[in-house]
Amino acid sequence: MTYQLAAIDDNLNTLPKLPAWITSGRAETPETVAFRSGAALMVLDQLVSDTSQGVPLKLLTNRMALSAATATSKLEGRLAREADIRDAYHLTPAGETRGPDGDVLAFWRDAGRLKLTGSDWHNGVQGLVGAAFANDVLRWIWAGADCAKSHGPLAGCVAVMRAVLDADDRAERIACMLSDISLARALNWTSVMPVTAQHLTKTMLRDLVVDGQGVDLVVQQRILQSIEDTIRLARDLATRAAALRAVTPKLRAKGSKAAADLFLSEDAIGPSMMLSPTIRGTAISMTDRAARRFCDRLVDLGVARELTGRSTFRLYGIVR
């Protein structure tokens, strides 16, 4: 029997959501974008900062990492599909080379694990960007922070992007990641959410360097669009996580609770790699057959789906 989400939706109708006027699509000025983005960021901050909202934050971050990896792959000229990037990361055995598609997702997942607290928080950022940019990271972030204080968080994001791309116009991935750090710090978040890259194009970033202020508003609008998308995804994941939590007590397989918890942190689960021979992050054993049956059971209950459409090398998740 398929588990129905209607009752869960009813219980979550108090989740913060976007007012209709934020997404009205009317002509924009810097002032209206700043005003709308402030309202949208307030909603997003409520969703990700208040644990009572039920948003599975690790899952949201990892799903946003996949979106950012797909976007920056296009910015870098590789044009890899989201499914190819997901498969390259999740289906590569430990210790083997993932290739550029898997590596770009690994970069964004590492970015999502960065902690922005403590006096040495920047060490992790410098390690992720590499030696060529490590000495400039703090200068770029401070420049973005100064701009954010006077013109708003999205203006700070754009200032960071421009500073990075002025130094190297091929560093799109790093520009977007430092933009996310600028946004996180403006909101006093303790970790990074990969938000800002989703709707950017190579042309926009090129024009951001050569055309000065003229493109700022366009880039801010695209970042605002990404924020709106992230809010919708967060609300959807809260609903789906609640549905999974509701059925978990009915699952009788050994390690069901631990396996279900993994679905609340990973956007894609490979049964033979993440649930067997032990459930990742635990010492709980699960046979390969039991792992496949567990995933298929979640599909039957309507709280998960198979992501690939393949008969072998399958991946499962609660994300649409």
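**Exercise 1.** At what angle do helix α8 (residues 137-151) and helix α10 (residues 172-186) pack, and how far apart are their axes? Classify the packing and describe the contact.

*Solution.* The model is a predicted one.

Step 1. Two packed helices are described by the angle between their axes and the distance between the axes. For α8 and α10 the angle is about 50°, and the axes are 10 Å apart.

Step 2. Angles from 65 to 115 degrees count as roughly perpendicular and those under 35 degrees as roughly parallel. α8 and α10 are therefore oblique to each other.

Step 3. The crossing of α8 past α10 is right-handed.

Step 4. On the α8 side the contact holds Val137, Trp140, Ile141, Trp142 and Gly144; on the α10 side it holds Leu178, Ile181, Ser182 and Arg185. By class, the residues of this contact are 6 nonpolar, 2 polar and 1 charged.

**Exercise 2.** Count the aromatic pairs, then assign a geometry to Phe107 with Trp108 and to Trp121 with Trp142.

*Solution.*

Step 1. Ring centres must lie within 6.5 Å for a pair. The count comes to 4 aromatic pairs.

Step 2. The ring centres of Phe107 and Trp108 are 5.5 Å apart, with the planes at 85°, so this pair is edge-to-face. Phe107 and Trp108 are both buried.

Step 3. Trp121 and Trp142 also form an edge-to-face pair, at 6.2 Å centre to centre and with 75° between the planes. Trp121 belongs to helix α6 (residues 121-129) and Trp142 to helix α8, so the pair ties together parts 21 residues apart in sequence.

Step 4. Buried means under 20% relative accessible area. Trp121 has 10% relative accessibility and therefore counts as buried. Trp142, with a relative accessible area of 40%, is partly exposed.

**Exercise 3.** Locate Asp267 and Leu66, decide whether each is buried or exposed, and list their contacts beyond four places in sequence.

*Solution.*

Step 1. Asp267 sits in the loop between α13 (256-263) and α14 (271-275). Its relative accessibility is 5%, so Asp267 counts as buried.

Step 2. Leaving out residues up to four places away in sequence, Asp267 touches Leu59, Asn62, Arg63, Leu66, His90, Arg109, Leu307, Tyr316, Gly317 and Val319.

Step 3. Leu66 lies in helix α3 (residues 57-75). With a relative accessible area of 2%, Leu66 is buried.

Step 4. With the same sequence exclusion, Leu66 touches Glu82, Ile85, Arg86, Leu105 and Asp267.

Step 5. The C-alpha atoms of Leu66 and Gln198 are 9.8 Å apart, and the two residues are separated by 132 residues in sequence.

Terms used: Residues are numbered from 1 along each chain as its sequence is written. This is a predicted model: local features need pLDDT of at least 70, side-chain atom pairs count only at pLDDT 80 or more; totals for chains, interfaces and linings use all residues. Side-chain values use heavy atoms; hydrogens and water are left out. Axes are lines fitted to C-alpha atoms, for helices over the stretch in contact, and angles run from 0 to 180 degrees between N-to-C directions. Helices (H or I, at least four residues) and strands (E, at least two) are DSSP runs, numbered from the N terminus. Angles under 35 degrees count as roughly parallel, over 145 as roughly antiparallel, 65 to 115 as roughly perpendicular and the rest as oblique. A crossing is left-handed if the near helix is turned anticlockwise from the far one by less than a right angle, and right-handed if clockwise. Contact means heavy atoms within 4.5 Å. Ala, Val, Leu, Ile, Met, Phe, Trp, Tyr, Cys and Pro count as nonpolar, Asp, Glu, Lys and Arg as charged, and the others, Gly among them, as polar. Rings of Phe, Tyr and Trp (its six-membered ring) pair if their centres lie within 6.5 Å; planes under 30 degrees apart count as stacked, over 60 as edge-to-face and the rest as tilted. Buried means under 20% relative accessible area, exposed over 50%, partly exposed in between (1.4 Å probe, protein chains only).
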